[in-house]
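Please look through the model shown here before reading on. The paragraphs after it go from a pair of helix packings to individual side chains and loops, and then to the chain as a whole.

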Amino acid sequence: SISALCHASLLEEAFSKGVQVLSMLGEDLPQIRTHDEKIGHLNETTSKLSCLSDDELLTYKMMSDPSKIMAMKFLWRLQVSLLMGKPSFIPHVTLKMIHMSLAHGMSAMSAIGIVYFGSILASIGNIKDGYRFVKLAKNIVQRFGYKDVAGEVLFMSTHTIGYVEPIQSTLECYLEGYTAALEAGDTTSACLNLLSYCNNLFWSGTSLGYTKNKYDELAHFTKKHNLTSLEFVIRNNMVEKLFEMGDVNRTPVSDGLHEDILRIKNPFSAKMFHISNAMIAFMNRDIDNTLTSMEKYFDFDLEMWILLNFIAAIRFFIGLISFWVYRRTNDRKWYERGSQSKEAMRKWAESSKWNCLQKFILLEAEDHFCNKRYERAKESYDDAIMFSRQHKFINDEAIACELAGYFLLEVGETASSIDYIIQAHEKYHKWGAIGKASVIFQYFQSISTVKLPVGIEPPVSREFSSGNRNSSMTTLKARQKAQT
């Protein structure tokens, strides 16, 4: 079956099998070749759906033709294989599901088509309509009790919801999706929900000790159910690396994992493998391994047509890494990559200030640093720290303090830089990133002649000066005024 092939990471075979069966049922995927053609079809379909209210879609005629229902089931099964292996075909399958639903009536699988459609719209910048359709898909499942698809709908919808609502509020949704999937015997969706739950624990700044335990439970679940296509993605998470860091020059991940990726031929997971390595190397301030992993990441040309919750976090790190590499190499392509990430974060901050505003402002600070706009950089670093604290992202606060410290050291304000580095150490330690807390002192000592008060675990808290706080509040008021 298609599911069995996906579980074994035989993703190309799963896709080919699904297309073959659809053809036997008299259904073919739309022939859409270029990116612009896909956008055109998506916009056209959005216009059609916009003519129908949510109530009209919830009371739409039901699908009754058995061959159409069977075709919709195979389209549903194709989506997971596409996500992991051929994401560029996700719009083809999704549009087919939407058009069949409008022509022949709604079914449980229509909720899958609608939730993917909402995610696709969000991925191309239309978060407002995307948010509408993923919530509609949830309502369809709840109204008609479609238990078979509930886990996958909750998984996919929560990713888009996380670009509107606080990321902390998504945690219960993923647990609900995990439970619903288990009840339906859908172990793949159960694992995906649990993986997303763990990822959001990490990115929301939840205690790393607790987060690590949940990742361990997830790894056990994945191995128990033989979900090979997901097992090594889970193994290559940043949590353990933040515990283990200590040698600035340490290679981030073992070669064994790389061999696993080559063996199972999973391009999506291989791409995630390389960006994870890059982020770990960046946190270690290891420029060589960062560059190597980033270049491998960019070698994978995959069109991601759905907006997963970790994409914003990845773009955030791509921006931070790119601005840092640009300052080290003076290679303009890295500045352009950083600027692209900053602009993506600006748009996401418009829909979710809580999750993304502090990330955008920190990228803005790094941009100012690159362009020697030092006073504006100072204000932006302080604002990023302040908003991270207000929005309860201790992880974002820690990295903002750290980067502010490096910035101040480089521009010659050594005394001020120490304050920020010590506070970064405290925040990393409080978060549970014990290895990273150690690395930050090691790295600072390697680039500075100033002796830091090492050995304090955790260090004495040193809040910023009233001058810095006043600067932050002045800038905040200016930003709020500009936004109104």
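In this predicted model, a useful place to begin is helix H18, residues 310–329, which packs against H20 at an angle of about 10 degrees, with the two axes 10 Å apart. Since angles under 35 degrees count as roughly parallel, H18 is therefore roughly parallel to H20. On the H18 side the meeting residues are Phe316, Gly319, Leu320, Phe323, Tyr326 and Arg327, and on the H20 side they are Lys359, Leu362, Leu363, Glu366, Asp367, Phe369 and Cys370. Sorted by class, this contact of H18 with H20 has eight nonpolar residues, one polar residue and four charged residues.

Helix H20, which covers residues 353–370, also packs with helix H19, residues 332–351, and here the angle is about 150 degrees and the axes are 8 Å apart. Because angles over 145 degrees count as roughly antiparallel, H19 and H20 are described as roughly antiparallel to each other. The crossing that H19 and H20 make is left-handed. From H19, the contact draws on Tyr335, Ser341, Lys342, Met345, Arg346, Trp348, Ala349, Glu350 and Ser351, while H20 contributes Lys353, Cys356, Leu357, Lys359, Phe360, Leu363, Glu364, Asp367 and Cys370. By class, the contact of H19 with H20 comprises nine nonpolar, two polar and seven charged residues. Reading the two contacts together, one finds that Lys359, Leu363, Asp367 and Cys370 of H20 are listed in the contact with H18 and are listed again in the contact with H19.

Which residue forms a salt bridge with Asp367? The partner is Arg373, and the closest N and O atoms of the pair are 3.7 Å apart. How do the two ends of this salt bridge stand in terms of accessibility, buried or exposed? Asp367 counts as buried, because its relative accessibility is 4%, whereas Arg373, at 30%, counts as partly exposed. Next to Arg373 in numbering comes Lys372, whose place is in the loop between H20 and helix H21, residues 374–390. Lys372 has a phi near 60 degrees, a positive value in a residue other than glycine. As background to that value, most residues other than glycine have a negative phi. Lys372 has a relative accessible area of 62% and is therefore exposed.

A positive phi also occurs at Lys392, where the angle is near 65 degrees, and this residue, too, is other than glycine. Lys392 is found in the loop between H21 and helix H22, which takes in residues 394–410, and with a relative accessible area of 61% Lys392 is exposed. Lys392 is also one of the residues that Ser204 touches, the others being Ile167, Gln168, Phe393 and Asn395, when residues up to four places away in sequence are not counted. Ser204 itself lies in the loop between helix H11, residues 187–203, and H12. At 4% relative accessibility, Ser204 counts as buried. The C-alpha atoms of Ser204 and Ile167 are separated by 6.6 Å, although the two residues are 37 residues apart along the chain.

Helix H12, residues 208–224, holds another salt bridge, in which the side chains of Lys214 and Glu217 meet at 3.5 Å, taken from N to O. Because Lys214 and Glu217 are three residues apart in H12, they are separated by about one helical turn. Glu217 counts as partly exposed, its relative accessibility being 45%. A salt bridge with a wider sequence span is formed by Asp54 and Arg132, whose closest N and O atoms are 2.8 Å apart. Asp54 belongs to helix H4, residues 54–58, and Arg132 to helix H8, residues 127–144, so the pair ties together parts that are 78 residues apart in sequence. With a relative accessibility of 29%, Asp54 counts as partly exposed. Elsewhere, Glu27, Lys68 and Lys96 are linked in a network of salt bridges, and a search of the whole structure finds 18 salt bridges.

The chain as a whole gives the setting for these details. The protein chain has 25 helices and zero strands, and of its 484 residues 57% count as buried. Among the contacts in the chain that join residues at least 6 apart in sequence, 71% are between residues at least 24 apart.

Note on methods:
Residues are numbered from 1 along each chain as its sequence is written. This is a predicted model: local features need pLDDT of at least 70, side-chain atom pairs count only at pLDDT 80 or more; totals for chains, interfaces and linings use all residues. Side-chain values use heavy atoms; hydrogens and water are left out. Axes are lines fitted to C-alpha atoms, for helices over the stretch in contact, and angles run from 0 to 180 degrees between N-to-C directions. Helices (H or I, at least four residues) and strands (E, at least two) are DSSP runs, numbered from the N terminus. Angles under 35 degrees count as roughly parallel, over 145 as roughly antiparallel, 65 to 115 as roughly perpendicular and the rest as oblique. A crossing is left-handed if the near helix is turned anticlockwise from the far one by less than a right angle, and right-handed if clockwise. Contact means heavy atoms within 4.5 Å. Ala, Val, Leu, Ile, Met, Phe, Trp, Tyr, Cys and Pro count as nonpolar, Asp, Glu, Lys and Arg as charged, and the others, Gly among them, as polar. A salt bridge is a side-chain nitrogen of Lys or Arg within 4 Å of a carboxyl oxygen of Asp or Glu. Buried means under 20% relative accessible area, exposed over 50%, partly exposed in between (1.4 Å probe, protein chains only).
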